[in-house]
Amino acid sequence: MSGRRRFIQLLTAMLGGFAIPGAAASYQPQQNPFTLGVASGSPLPDGVVLWTRLAPNPLSIDHPTELGGMPAMPIRLQWEVARDPQFKHPVKTGTAVALPDLAHSVHVEVSGLEPGAWYFYRFRLASHISPTGRTRTAPAPDSEAPLRMAYASCQHYEHGFFGAYQHMLREELDLVAFLGDYIYEYKASRDPKRVRRHPPHEAITLNQYRERHALYKLDPDLQAMHAAVPWVLIWDDHEVANDYANDQAQDLAADFLARRAAAYQAYFEHQPLRPSRVLTALTQPTGRFPGNATAHSFESLRVYDTLAWGKLAQLYMLDDRQYRDYQACPRPNSGGSNTVNAAACPALRTPTRSMLGAVQEAWLNRGLADTRTNWTLFIQQTLFSPLNQQSPAFAAHGPRVWTDGWEGYPAARQRLLKALQDYAVPNPVFFGGDVHANWVCDVTYQERILATEFCGTSLTSPSWPQSQTDAVAAQNSHVKLANSALRGYGVMTLEPARMTVTLRVLDDVTRHQPAISTLATFDVLAGQPGASTR
């Protein structure tokens with residue numbers, strides 16, 4: 001049996017929880033197997049995904065017969081969903097299979113729940129009981145119930161503690177949207193100012209990516225936030241490697257697809273993604289390389305998706321890494337990004353260049369043509385608006401462009417904007433991350449404001465000086481706010497007639513318990529694109 005067919009069989013078994021030869025009916029770990037906590041995600045009106053991973057020693061990756069302190073055999077465990085945190089009123093129970101092939105991760109797709117309702121959940125393995133998680137379902141399709149969502153990105157472990165989540169826990173949220181760079185692949189820095197350390201090696205192999213995810217998941221503040229509300233997640237580059245594009249690494253490594261597959265598998269193993277969606281990706285060719293998945297099951301992994309929040313909002317989670325064309329005009333003998341003079345880089349203007357890939361673009365266009373909710377939210381990786389980064393020293397050479405973001409794919413951005421206009425997409429708003437700064441922008445098309453953008457700052461990762469940000473913002477009249485000095489997250493409150501976005505910032509991410517404040521608050525009114533500050 002091929003590795004691909006084996007993984008499809010195992011994922012199907014995980015999804016259905018049915019018998020697998022050799023599955024252990026009972027297993028008693030000597031230590032707590034729920035060290036990485038619990039999580040939920042992808043809420044639907046009648047269900048949600050529940051996640052955990054069995055790993056008594058989650059950073060143990062070199063044992064010849066065990067991974068994370070678990071034996072190399074399938075393990076059965078129980079899960080429970082209840083209305084109350086004491087589980088006196090259970091509504092759903094079942095068994096799941098944790099597979100060694102998938103690092104004993106567990107993904108349960110619970111269905112049959114009530115729309116717009118809060119629930120509690122937990123897992124049980126023999127005498128060990130997981131932490132209790134809290135989750136909710138999406139509202140019914142005809143509901144206009146409000147949505148309160150936090151968005152965050154770029155949480156470099158070495159640059160700061162995840163104390164932002166202590167404050168996010170108190171925001172009374174329905175949902176968290178994580179916009180990429182959940183982990184960083186780099187080896188430990190020698191900089192003595194780093195507050196904690198990565199392992200001494202860069203993450204390249206499957207077990208090394210598992211180790212990196214486990215390291216981040218051991219953070220108590222991150223665990224607590226995952227346990228509090230459901231998440232939707234997309235990735236950017238550092239879940240794999242800096243500035244990768246499609247099947248090309250920044251260093252042009254010939255074996256990059258194997259590395260990417262390892263990173264994708266570890267990502268799936270550590271996030272509350274839907275196994276049924278992964279099965280779809282494994283059995284149907286997608287993206288730029290139809291039919292290329294042969295020996296390895298995670299050569300592709302679909303993470304782009306859509307989520308309806310009643311008739312209030314349609315969320316589109318986009319993947320701008322896996323299917324994109326390579327960055328234009330890279331540095332010599334290199335892949336990845338560059339900052340170039342636009343006039344000197346004709347490849348930028350190639351009309352077929354794509355950020356999302358043909359398959360995802362077509363999927364998105366079909367969805368936009370049929371969107372009938374009050375609001376349309378794009379949950380994606382990076383700054384969508386163009387930025388003229390012309391320096392006075394290079395004024396004669398024209399605008400400078402950063403090629404890794406949407407600015408490096410102007411034809412793709414224009415196609416998406418044209419679709420928003422042609423389909424009269426209701427109240428489009430873009431959320432992004434990646435650039436380690438808060439940018440609030442009017443999104444223009446054909447000299448009129450068509451949409452609104454909130455590109456969030458990083459949770460911990462550092463940015464460029466504020467003076468440089470101010471200089472760039474001054475050259476771009478569509479920018480309403482630009483701040484690279486402060487780390488934090490954003491909180492969106494959405495109602496039928498109004499969106500309110502509050503930018504929450506921290507005083508010092510090198511402290512375990514940073515103080516928080518509000519940088520700015522913006523309103524967007526339905527039918528009136530563009531953000532206005534309070």
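# Pockets, cavities and cores: a quick tour

Helix α9 (residues 466–474) is the biggest contributor to the lining of the largest pocket, handing over three residues. That pocket holds about 830 Å³ of space. Keep in mind that this is a predicted model. Below is a walk through its pockets, its closed cavities, its nonpolar cores and a few residues worth a look.

**The largest pocket**

- In total, 40 residues line the largest pocket, and Q389, W402, D434, V435 and W464 are the ones nearest its centre.
- Sorted by class, the lining of the largest pocket comes out as 15 nonpolar, 17 polar and eight charged residues.

**The second largest pocket**

- The second largest pocket has a volume of about 250 Å³.
- Its lining is made of 16 residues, with S42, R274, V303, D305 and M317 closest to the centre.
- β1 (38–44), β13, α6 (275–283) and β14 (305–309) each chip in at least two residues to the lining of the second largest pocket.
- Here the class count is ten nonpolar, two polar and four charged residues.
- Two domains take part: domain 1 (1–138) and domain 2 (149–181 + 229–234 + 303–533) each provide at least three residues of the lining of the second largest pocket.

**Closed cavities**

- Searching the whole structure turns up two cavities of 30 Å³ or more.
- The largest cavity has a volume of about 70 Å³, and its lining consists of L356, E361, L364, N365, W406, A412, R415 and L416.
- Helices α7 (358–369) and α8 (410–422) each give at least two residues to the lining of the largest cavity.
- The lining of the largest cavity splits into five nonpolar, one polar and two charged residues.
- The second largest cavity comes in at about 30 Å³.
- Around the second largest cavity sit W375, N427, P428, L450, A451, T452, V524, L525, Q528 and P529.
- Strands β21 (448–455), β25 (516–525) and β26 (528–533) each supply at least two residues of the lining of the second largest cavity, and β21 has the largest share, with three residues.
- There are no charged residues in the lining of the second largest cavity, just seven nonpolar and three polar ones.

**Nonpolar cores**

- The largest nonpolar core has 49 residues, and Y165, M168, M225 and W231 touch the most other members.
- Elements giving at least two residues each to this core include β11 (147–152), α2 (164–168), α4 (220–228) and β23 (488–494).
- The top contributor to this core is α5, with seven residues.
- Domain 1 (1–138) and domain 2 (149–181 + 229–234 + 303–533) both give residues to this core, so it lies between them.
- M168 touches A150, A152, L173, V176, M225 and Y489, leaving aside residues up to four places away in sequence.
- Apart from this core there is another one, of 32 residues, with M149, A313, L315 and L494 among them.
- As general background, nonpolar side chains tend to be buried together in soluble globular proteins.

**N438, a buried asparagine**

- N438 is found in strand β20 (residues 438–445).
- With a relative accessibility of 1%, N438 counts as buried.
- Leaving out residues up to four places away in sequence, N438 touches C455, G456, T457, L481, A482, N483, L503, V505 and L519.
- D62 is a long way off: N438 and D62 are 376 residues apart in sequence and 41 Å apart in space, C-alpha to C-alpha.

**Two residues with positive phi**

- Most residues other than glycine have a negative phi.
- N333 is not a glycine, yet its phi is positive, at about 55 degrees.
- N333 sits in the loop between β15 (313–317) and β16 (339–341), and at 76% relative accessibility N333 counts as exposed.
- D434, also a residue other than glycine, has a positive phi near 80 degrees.
- The loop between β19 (428–432) and β20 is where D434 is found.
- D434 counts as buried, at 13% relative accessibility; D434 is also one of the residues nearest the centre of the largest pocket.

Notes: Residues numbered from 1 in each chain as written. Heavy atoms only, no water. 1 Å grid on protein atoms, 1.4 Å probe; cavity = no way out; pocket = protein on both sides within 12 Å on 5 of 7 lines; lining within 4 Å. Points joined across faces, edges and corners; volume = space filled by probe spheres on them. Helix = DSSP H or I, 4+ residues; strand = E, 2+ residues; numbered from the N terminus. Nonpolar A, V, L, I, M, F, W, Y, C, P; charged D, E, K, R; others polar. Core = buried A, V, L, I, M, F, W, Y, C linked by side-chain atoms within 4.5 Å. Buried < 20%, exposed > 50% of the residue type's maximum accessible area, 1.4 Å probe, protein only. Domains from an automatic or database assignment. Contact = heavy atoms within 4.5 Å.
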